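Reader: I'm in my first year and still learning to read protein models. Could you take me through one part slowly, and then show me what else is worth looking at?

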Amino acid sequence: MVNFALSGQEYLRGDAKYLKQSIIEHLFYTIGKDKYTATKRDIFYAVSFAVRDQLIGRWIKTQQQYYDSDVKRVYYLSMEFLMGRTLCNSLVNLNLLDNCRKALHDLGCDLDQLFEMEYDAGLGNGGLGRLAACFLDSMATLCIPGYGYGIRYDYGIFTQKIQDGYQVESPDNWLRYGNPWELCRSEYLYPVQYYGKVIQYTDTEGRLRCEWVDTAEVMAVAHDTPIPGYGNDTVNTLRLWQAKSTRGFDFAYFNHGDYVRAVEDISLTENISRVLYPNDNIFEGKELRLKQEYFLVSATIQDILRRYRKGHAHFDKLSDKVAIQLNDTHPALAIAELMRVLVDKEELSWEKAWQITTATCAYTNHTILPEAIERWPLPLLEKVLPRHLQIIFEINRRWLKEVDRHYPADISKQRALSIIEETTPKRVNMAHLSIVGSHKINGVSALHSELLKQNVFHDFWQVEPSKFTNKTNGITPRRWLKECNPWLSDVISKAISDQWVTDLDQLQKLKPFVQDAGLQEAFWNAKRANKESLSRVIYTMHEMRVDLNSMFDCQVKRIHEYKRQLLNLLNVIHLYNQIKDNPHRDFTPRTVIFAGKAAPGYFMAKLIIKLINSVANVVNHDPDIRELLRVFFLTNYRVTLAEEIIPAADLSEQISTAGTEASGTGNMKFALNGALTMGTLDGANIEILEEVGEQNIFIFGMKTDEVSQLKTNGYHPWDYYHGNQDLKRILDMIGNGYFSGGDASVFKPIVNSLLDGGDHYCLLADFASYIARQQEVSVLFKDRKSWAQKALTNIASMGKFSSDRTIREYAKEIWRLD
């Protein structure tokens with residue numbers, strides 16, 4: 001037998017001399033270049049391969065340890081993983097950043113320039129995908145046997161460009177130059193079925209059986225990316241599936257000379273993994289999206305069971321060895337698919353299969369917005385996945401019998417708790433399927449989880465209250481402080497040591513020193529260094545200088561009406577008017593920064609982007625304003641751009657309407673990097689308030705119950721318009737064409753949505769409170785000592801919001817790991 005063992009511990013060597021030699025060898029042998037022909041991109045790939053070598057030895061050893069110990073494994077199923085760049089993150093987690101920098105310096109190269117050669121792996125729309133990425137980092141850091149499963153989209157979240165102020169989308173070809181971090185595992189190739197029909201027959205033992213036949217098949221090919229933990233030798237796996245055709249040519253066409261038709265089926269088949277759907281808060285019942293969701297689920301279930309069968313002949317222990325976490329409803333078909341495999345393929349009884357399935361699966365809900373809940377039309381499901389629809393019908397039939405036991409002959413309860421909605425056409429509510437088919441259901445902040453129990457899923461909670469729990473989201477401090485903010489990280493580590501990197505509660509040790517003049521000065525120096533870095537980005541995009549002493553007021557997130565970028569913009573116009581009216585008053589200079597993408601089909605969100613850019617154009621070119629106010633929309637928001645903006649921010653805008661944001665994690669990232677929060681009592685803002693204290697955060701606006709009460713009593717936006725002259729003036733300026741060259745038609749839809757359209761997200765009702773708090777912010781920012789004290793208190797209070805804490809809670813209370 002061939003001995004595959006590594007000699008010694010070569011794969012653990014990471015000194016500068018070894019890295020330098022490894023880079024040179026990869027440049028020569030892997031890429032086929034020498035010092036005369038190598039481009040900067042070639043050197044980036046050589047460095048990436050050298051770092052990947054450091055990961056692979058640890059990766060293989062980690063996986064072997066999991067098999068040897070027969071551990072319970074966690075499978076995190078998500079349609080989105082917003083990973084960002086990998087090189088810097090890997091170097092940080094491997095503690096090789098300084099050595100790699102030295103190795104490249106010896107070779108006459110700048111590591112920071114090489115970082116810029118890497119494309120973001122933008123396989124997600126926003127918070128959902130970024131949370132999944134943070135969770136993978138935490139599982140590896142905590143040595144939890146975790147696997148991420150997703151789709152290897154050829155095109156990730158679109159590249160955003162701005163033309164004449166409007167968002168324009170172009171494809172994100174992130175794989176244009178390949179991906180040095182992934183390994184294609186072509187041996188893990190699984191057929192995924194669609195369409196066809198179901199036949200029933202009686203087997204030799206007299207049992208009724210179902211077989212799904214005459215299907216169309218697509219092959220799922222595995223691509224693996226190593227996920228290193230911080231400061232340990234654990235390397236977990238992100239496995240992404242790529243769609244491939246089951247055959248090459250349709251020779252019936254080829255033999256008749258129709259080459260295009262011969263390859264047409266291949267192209268259509270492989271469309272399944274071609275592009276990420278850009279709408280993550282608006283459900284669209286498209287066939288391709290349904291096929292994508294089942295593609296992920298089918299390949300993953302096959303892979304999970306293959307791995308389980310290596311050590312187990314029977315399925316009795318599946319839930320003891322496998323935990324499947326559904327990241328929202330997108331992978332909810334896993335419940336029906338696991339049932340199909342266990343009942344149809346493995347011939348388990350329905351009752352046994354259901355017990356295993358529900359004990360294995362758990363569901364995380366990420367939204368309370370009705371338009372975001374997946375509801376698949378029955379005709380579409382019957383066409384694409386006929387057997388799964390049958391299984392869902394049977395799950396629902398048995399579930400409604402249980403409901404009837406709780407509420408005998410109560411038709412209204414049956415309707416409210418049914419998985420099948422009696423609409424035209426009938427629909428499958430995937431959230432309801434997820435609840436019925438999981439042993440735990442969690443929200444992602446205390447408020448969100450309470451709203452699920454009391455409002456969204458109240459009837460389900462009444463039937464099975466023990467299923468519902470809360471797991472407040474978190475962020476990885478490795479990427480969102482140590483990596484993206486080295487200046488502040490050094491300040492913190494010098495003050496209290498670097499144990500905070502894996503134990504964020506250690507930041508509490510900063511609290512006795514928040515009034516220390518030396519620490520405050522170090523904080524301001526770090527903040528200025530980050531502002532200088534961001535100012536270069538702004539200059540590159542807009543060719544404008546910014547005042548580094550101004551308050552950097554930032555709102556960066558997906559553009560959506562409920563996130564209320566428009567409310568922020570109303571304050572910008574208010575500040576503009578104040579300066580115009582009182583040119584000699586002592587104003588606090590502000591640089592207001594927006595960034596975010598709008599879903600391509602979301603008209604109002606895209607018009608808000610246009611308004612932001614139009615306001616910026618007027619403000620930034622008005623000589624009366626000078627540098628007292630600057631407004632910038634930074635294009636193509638992504639993880640890498642967030643890593644520039646967040647460390648530089650002074651004020652963090654978290655201003656969604658109370659009761660609409662499930663959690664938010666941007667609020668945590670900003671606070672961890674020393675920005676003060678301007679926020680509503682929504683999502684995780686409430687828990688941030690509890691941690692930092694009300695004197696260290698700016699809370700404004702209505703509470704969730706007050707929003708509900710206002711709408712119940714009758715909300716009349718026109719009353720606020722007529723009752724507040726500042727607000728009236730602002731809306732008139734927008735509606736009369738002040739920011740659109742006199743063309744009143746451009747932004748009329750925005751004004752109409754606020755006044756005649758009911759102002760669904762209550763901007764006008766919260767306007768006065770918001771403006772008042774913004775004035776307090778302007779006054780406080782002039783007091784450097786008080787501001788620094790509050791900022792440092794925020795940093796010191798962020799221990800709860802580490803994704804390590806979140807994952808520990810999942811591991812103990814949902815996944816039931818030892």
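Author: **A close look at Ala353**

Ala353 has a relative accessibility of 0%, so this residue counts as buried, the cut-off being under 20%. Please keep in mind that the model is predicted. Ala353 sits in helix α12, which covers residues 350-360. Around Ala353, leaving aside residues up to four places away in sequence, the contacts are Met339, Leu342, Val343 and Leu348. Take Leu342 from that list: the C-alpha atoms of Ala353 and Leu342 are 5.8 Å apart in space, while 11 residues separate the two in sequence.

Let's move on to charged side chains. The structure holds 53 salt bridges, and a few of them make good examples. Start with Arg239 and Asp303, whose side chains meet in a salt bridge with an N to O distance of 2.7 Å. Arg239 belongs to strand β11 (residues 235-245) and Asp303 to helix α9 (residues 287-309), so this pair ties together parts that are 64 residues apart in sequence. Where do these two stand on the scale from buried to exposed? Arg239 has 5% relative accessibility and therefore counts as buried. Asp303 is at 0%, so Asp303 counts as buried too.

Asp303 has another partner to look for. A salt bridge also joins Asp303 to Arg306, with 3.1 Å between the closest N and O atoms. Both residues are in helix α9, three residues apart, which means that about one helical turn separates them. Arg306 is buried, as is Asp303. Now widen the view: Arg185, Asp224, Arg239, Asp303, Arg306 and Arg307 are linked in a network of salt bridges. For one more pair, find Arg209 and Asp203, whose side chains form a salt bridge at 3.2 Å, N to O. Arg209 and Asp203 are both buried.

Next come the empty spaces. Rolling a probe the size of a water molecule over the atoms shows where empty space is left. The largest pocket has a volume of about 1,100 Å³. Its lining is made of 36 residues, and those nearest the centre are Cys88, Asp112, Phe115, Glu483 and Pro486. Several helices give two or more residues to this lining, among them α3 (87-93), α5 (111-115), α19 (477-483) and α21 (517-542). The largest share comes from α20, with six residues. Sorted by class, the lining of the largest pocket has 14 charged, 13 nonpolar and nine polar residues.

What about the second largest pocket? About 550 Å³ of space lies there. This second pocket is lined by 30 residues, with Ile368, Pro370, Asn455, Val456 and Gly659 closest to its centre. Elements that give two or more residues to its lining include α15 (411-417), α16 (430-436), α17 (446-456) and α18 (458-463). Helix α27 gives the most, with six residues. The lining of the second largest pocket holds 14 nonpolar, 11 polar and five charged residues.

To practise, go back to the structure and find Asp303 first. From there, trace one salt bridge to Arg239 and another to Arg306. Then return to Ala353 in helix α12 and pick out its contacts, including Met339 and Val343.

Conventions
Residues are numbered from 1 along each chain as its sequence is written. This is a predicted model: local features need pLDDT of at least 70, side-chain atom pairs count only at pLDDT 80 or more; totals for chains, interfaces and linings use all residues. Side-chain values use heavy atoms; hydrogens and water are left out. A salt bridge is a side-chain nitrogen of Lys or Arg within 4 Å of a carboxyl oxygen of Asp or Glu. Buried means under 20% relative accessible area, exposed over 50%, partly exposed in between (1.4 Å probe, protein chains only). Helices (H or I, at least four residues) and strands (E, at least two) are DSSP runs, numbered from the N terminus. On a 1 Å grid over the protein atoms alone, a cavity is a set of points where a 1.4 Å probe fits but cannot get out, and a pocket is an open set with protein on both sides within 12 Å along at least five of seven lines; lining residues have an atom within 4 Å of a point. Grid points are joined across faces, edges and corners, and a volume is the space filled by probe spheres set on the points. Ala, Val, Leu, Ile, Met, Phe, Trp, Tyr, Cys and Pro count as nonpolar, Asp, Glu, Lys and Arg as charged, and the others, Gly among them, as polar. Contact means heavy atoms within 4.5 Å.
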